[in-house]
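This text goes through one protein chain, starting from a single residue and moving outward to the chain as a whole. Keep the sequence and the model at hand while reading.

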Amino acid sequence: MYSLPFPVRNVATIALAFGFIVTFMEKAQVLHAAPVLDLTGYSVIFFEDFDTLSLRTGGPTRAGYASGSGIWTPRYYWSKNPKGDTHDKEYAWLVDPAYTWGDGYPASGQFSVSNSILTIRAESTPPSLIGKIPDRTVGNPYPWVSGILSTANSFSFKAPIYAEARIKVPKGTALWPAFWMWAVNRNFNNEIDVVEIVNTTTNKSSAAIHWQNPIQDADTGPIDRGVDLSLAYHTYGVQWTATDFNFYIDGYLIWTHSVPVDWEETYMFMYLGFAVGGPLPGVPPDKTTPDPSDLLVDWVRVWGTAATPYLNTP
């Protein structure tokens with residue numbers, strides 16, 4: 001993670017500055033008639049290229065992670081289970097690799113980095129975890145395992161920001177990759193879903209915001225983007241200002257929603273998650289679901305202005 005010494009005026013600026021090749025073909029695949037992202041006045045305040053896998057130390061307890069070091073906490077922020085967690089009637093247990101699993105289970109769990117690409121792998125529960133993870137229902141263990149990463153203990157922010165990740169999503173029944181944000185203050189229900197893509201309908205994506213208690217919602221619903229998003233890497237981003245949330249794919253605006261008047265003022269942090277099943281896919285994995293399935297992340301970045309409040313403690 002780095003701060004850069006020069007202002008970033010658009011996505012192409014940062015790409016060219018680091019030697020990335022940005023082609024017009026890639027950027028034109030999605031909504032090429034939509035307004036283009038303009039980051040005039042913004043500069044990068046968080047930069048993760050996955051040259052290494054920076055899992056946070058101190059786990060698997062919440063208190064240990066809070067006092068540890070490293071960027072990515074491999075669990076839900078609210079979870080107290082040392083083995084990891086899941087939610088929403090999903091079919092994959094999100095494994096915390098800091099727990100002592102034994103029997104040859106990898107020290108990095110469902111996460112790996114190769115050639116500066118993060119992989120979060122969902123797969124049927126391996127023999128080394130059978131009998132060790134909780135049951136999904138009584139007598140029925142979770143049939144799949146996967147993972148989730150957050151910056152809850154290393155990096156959080158308030159508006160104005162623009163956050164973006166370059167991702168290649170998997171395709172398959174019940175698969176649910178997402179890039180999203182959550183409130184540091186757990187008394188609030190602020191959530192910004194930058195992108196969610198489910199099942200085999202990978203030509204469609206959705207974005208959403210959630211807030212207040214009881215929870216209120218606003219979302220795009222699954223919208224056809226005119227291209228199979230699982231075939232290539234795409235950038236997914238959100239610009240959060242004092243007045244609006246502006247959502248982008250490949251630098252092109254896809255949705256705008258005003259900041260609700262009752263949106264709680266709180267720091268937010270990022271999640272990279274890969275669920276299997278649950279309410280959004282609406283179906284369990286089946287024999288057609290690729291096993292394993294991989295969510296690939298090239299990079300994650302956050303831009304801010306001189307007025308952006310952020311906490312940086314990797």
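In this predicted model, a convenient place to start is Leu 272. Leaving aside neighbours within four places in sequence, Leu 272 is in contact with Phe 50, Trp 72, Leu 118, Ile 120, Gly 147, Ile 148, Leu 149, Ile 167, Ala 178, Phe 179, Val 297 and Val 300. Leu 272 belongs to the largest nonpolar core, which has 55 residues. Together with Met 181, Ile 192, Met 270 and Val 300, Leu 272 is among the residues that touch the most other members of this core. The element that gives the most to the core is strand β20 (residues 268–276), with 5 residues. Another core, of 10 residues, lies apart from this one and includes Ile 148, Ala 178, Trp 182 and Tyr 271.

Strand β13 comes next. This strand spans residues 191–196, and 6 of its 6 residues are buried. Strand β12 (residues 175–183) pairs with β13 in the antiparallel sense over 5 bridges, and here Phe 179 stands opposite Val 195. β13 also pairs with strand β14 (residues 204–211), again antiparallel, over 4 bridges. In that pairing Glu 191 is found opposite His 210.

The aromatic residues can be followed in turn. Over the whole structure, 21 aromatic pairs are found. One of them joins Trp 93 and Tyr 142: the ring centres are 5.5 Å apart and the planes meet at 55 degrees, so the pair counts as tilted. Trp 93 is part of strand β3 (residues 92–95), while Tyr 142 sits in the loop between β7 (140–141) and β8 (144–146); the pair therefore ties together parts that are 49 residues apart in sequence. Trp 93 and Tyr 142 are both buried. Elsewhere, Tyr 76, Tyr 77, Trp 78, Trp 180, Trp 182, Phe 269 and Tyr 271 make up one aromatic cluster.

Charged groups also sit over rings. The charged end of Arg 136 is placed over the ring of Tyr 91, 3.6 Å from its centre. Arg 301 lies over the face of Trp 299, and the distance to the ring centre is 3.8 Å.

Trp 299 is also one of the contacts of Thr 235. Thr 235 is located in strand β17 (residues 234–240). Is Thr 235 buried or exposed? Its relative accessibility is 9%, so Thr 235 counts as buried, the cut-off being under 20%. Not counting residues up to four places away in sequence, Thr 235 touches Glu 164, Ala 165, Arg 166, Tyr 248, Ile 249, Asp 250 and Gly 251 as well as Trp 299. The C-alpha atoms of Thr 235 and Val 297 are separated by 9.8 Å, with their positions 62 residues apart along the chain.

A second threonine, Thr 151, is in the loop between β9 (148–150) and β10 (155–157). Thr 151 is buried, with a relative accessible area of 0%. Beyond four places in sequence, Thr 151 touches Phe 46, Ile 71, Trp 72, Phe 269 and Met 270.

The view can now be widened to the whole chain. The secondary structure comes to 3 helices and 22 strands. Of the 314 residues, 55% count as buried. Among contacts with a separation of 6 or more, 70% are between residues 24 or more positions apart. The accessible surface comes to about 13000 Å², and 55% of this surface belongs to carbon and sulfur atoms.

Terms used
Residues numbered from 1 in each chain as written. Predicted model: local features only at pLDDT ≥ 70, side-chain atom pairs only at ≥ 80, totals over all residues. Heavy atoms only, no water. Phe/Tyr/Trp six-rings, centres within 6.5 Å; stacked < 30°, edge-to-face > 60°. Helix = DSSP H or I, 4+ residues; strand = E, 2+ residues; numbered from the N terminus. Buried < 20%, exposed > 50% of the residue type's maximum accessible area, 1.4 Å probe, protein only. Lys NZ or Arg CZ within 6 Å of the ring centre and 35° of its normal. Pairing = 2+ DSSP bridges. Core = buried A, V, L, I, M, F, W, Y, C linked by side-chain atoms within 4.5 Å. Contact = heavy atoms within 4.5 Å. Areas by Shrake-Rupley, 256 points an atom, 1.4 Å probe, with all protein chains shown as cover.
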